[in-house]
Amino acid sequence: MLDLLALSVVHADNSWINFDVNALFQNFWSATFDGLTFGAVYGLIAVGYTLVYGVLSLINFAHSEVFIVGAYGVVITLTSLGFGPSAPTIGPAEIIMDLVLALAVGMLASAATAFIVERAAYRPLRKRNAPRLAFLITAIGVSFAIQYLIFNLPKLGKIPGLEFMSSIGGGNAQPAVIMFVADPVFDVFGTIITNQQIVIVVAAILLMVGTDIFIRRSRTGRGIRAVAQDPDTATLMGVSKERTIVITFIIGGLLAGAAALFYVMLVPSGVIYTGGFILGVKAFAAAVLGGIGNVRGALLGGILLGIVANYGQILLGDAQWADVVAFVILVLVLLVRPTGILGTTLGRSKA
């Protein structure tokens with residue numbers, strides 16, 4: 001008798017894909033909380049895409065490399081502090097101080113990268129009134145340039161005085177860095193929630209709420225929304241367009257650097273020169289899903305994308321299907337609501 005709760009589909013290459021609803025029911029809560037954790041990281045990175053698009057109507061594909069530079073900063077800082085493949089044997093206060101330092105370095109590295117990208121790549125194009133296609137091509141070119149700059153960093157280690165560069169970048173992933181043991185805190189319907197998950201989700205939400213309040217309530221935030229709505233009128237009202245654009249890139253970079261710390265927590269050996277590409281695509285998808293140009297939509301889209309991807313890999317019995325399911329859901333949502341779930345643009349958001 002055909003079990004409708006555990007269907008199997010055979011492909012031409014004789015591989016099996018299990019459509020197992022029972023497995024999804026049994027792992028529902030663990031998949032939900034794992035997806036929520038990864039989704040929080042996607043959401044933080046997505047804010048960078050959403051802010052830049054809201055102000056410049058530009059899809060900054062180099063933002064994924066802004067994130068990965070921050071991840072390198074986090075790993076290098078923690079490695080210098082003595083962290084490695086096993087959890088450190090130091091007190092909680094020392095761990096917190098070290099993580100705060102790594103967070104600061106990651107955020108500064110990403111923010112500096114975002115600033116340099118904006119000044120060196122996009123500002124000259126704006127001065128020349130370049131067409132939008134030129135911005136898009138430049139963004140892709142900058143993305144690859146940063147990737148291969150990281151790839152070739154070890155070669156600089158041959159230069160006297162720069163020997164320390166020999167262990168940074170290259171074609172291999174950075175050594176694993178374990179920050180602390182993921183201890184259980186409580187359980188929900190039999191699913192263990194760890195201190196690591198709580199730290200990531202709570203910190204990500206606080207950062208997103210803080211960013212949203214800053215954009216809606218502060219003088220600088222009002223300037224960002226004014227430029228997003230009508231840059232020419234905002235300039236006539238005394239808002240510096242160039243300064244606002246720089247601040248927008250820096251805010252996106254700071255949040256990407258914070259996301260880098262949380263990503264290293266989840267994937268200790270996942271920092272590699274190409275590591276930002278797939279994560280950046282997911283974050284961009286999250287921004288579009290929630291409503292491109294909407295800060296709150298970035299968080300909502302990230303969480304939904306993370307959860308749906310986890311459901312998909314359990315339902316189909318293979319982790320490789322997670323991204324396929326997530327992007328199929330994205331396409332379906334956009335067919336029904338092209339502006340995304342929340343749909344409000346940055347320039348039209350209310351204070």
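Student: In this predicted model, why is Phe28 called partly exposed?

Tutor: The relative accessible area of Phe28 is 29%, and since buried means under 20% and exposed over 50%, a value in between is called partly exposed.

Student: What makes the pair of Phe28 and Tyr311 stacked?

Tutor: Among the 12 aromatic pairs that the structure holds, this one has ring centres 5.3 Å apart, which lies within the 6.5 Å required for a pair, and planes at 20°, which is under 30 degrees, so the pair counts as stacked. Phe28 belongs to helix 2 and Tyr311 to helix 12, 283 residues apart, so that the pair links distant parts of the chain.

Student: Why is the pair of Tyr122 and Phe249 called tilted?

Tutor: The centres of Tyr122 and Phe249 are 5.7 Å apart, again within 6.5 Å, while the angle of 40° between the planes is neither under 30 nor over 60 degrees, and the pair therefore counts as tilted. Because Tyr122 lies in helix 4 and Phe249 in helix 10, the pair ties together parts that are 127 residues apart in sequence.

Student: How do you know whether Tyr122 is buried or exposed?

Tutor: Its relative accessible area is 0%, which is under 20%, so Tyr122 is buried; Phe249, at 4%, is buried by the cut-off of 20% as well.

Student: Why does Asn294, in the loop between helix 11 and helix 12, count as buried?

Tutor: Asn294 has 7% relative accessibility, under the 20% cut-off, and therefore counts as buried; its side chain reaches the backbone nitrogen of Gly297 at 2.8 Å.

Notes:
Residues numbered from 1 in each chain as written. Predicted model: local features only at pLDDT ≥ 70, side-chain atom pairs only at ≥ 80, totals over all residues. Heavy atoms only, no water. Buried < 20%, exposed > 50% of the residue type's maximum accessible area, 1.4 Å probe, protein only. Polar contact = N/O pair within 3.5 Å; in protein donor to acceptor, adjacent residues only side chain to side chain. Phe/Tyr/Trp six-rings, centres within 6.5 Å; stacked < 30°, edge-to-face > 60°. Helix = DSSP H or I, 4+ residues; strand = E, 2+ residues; numbered from the N terminus.
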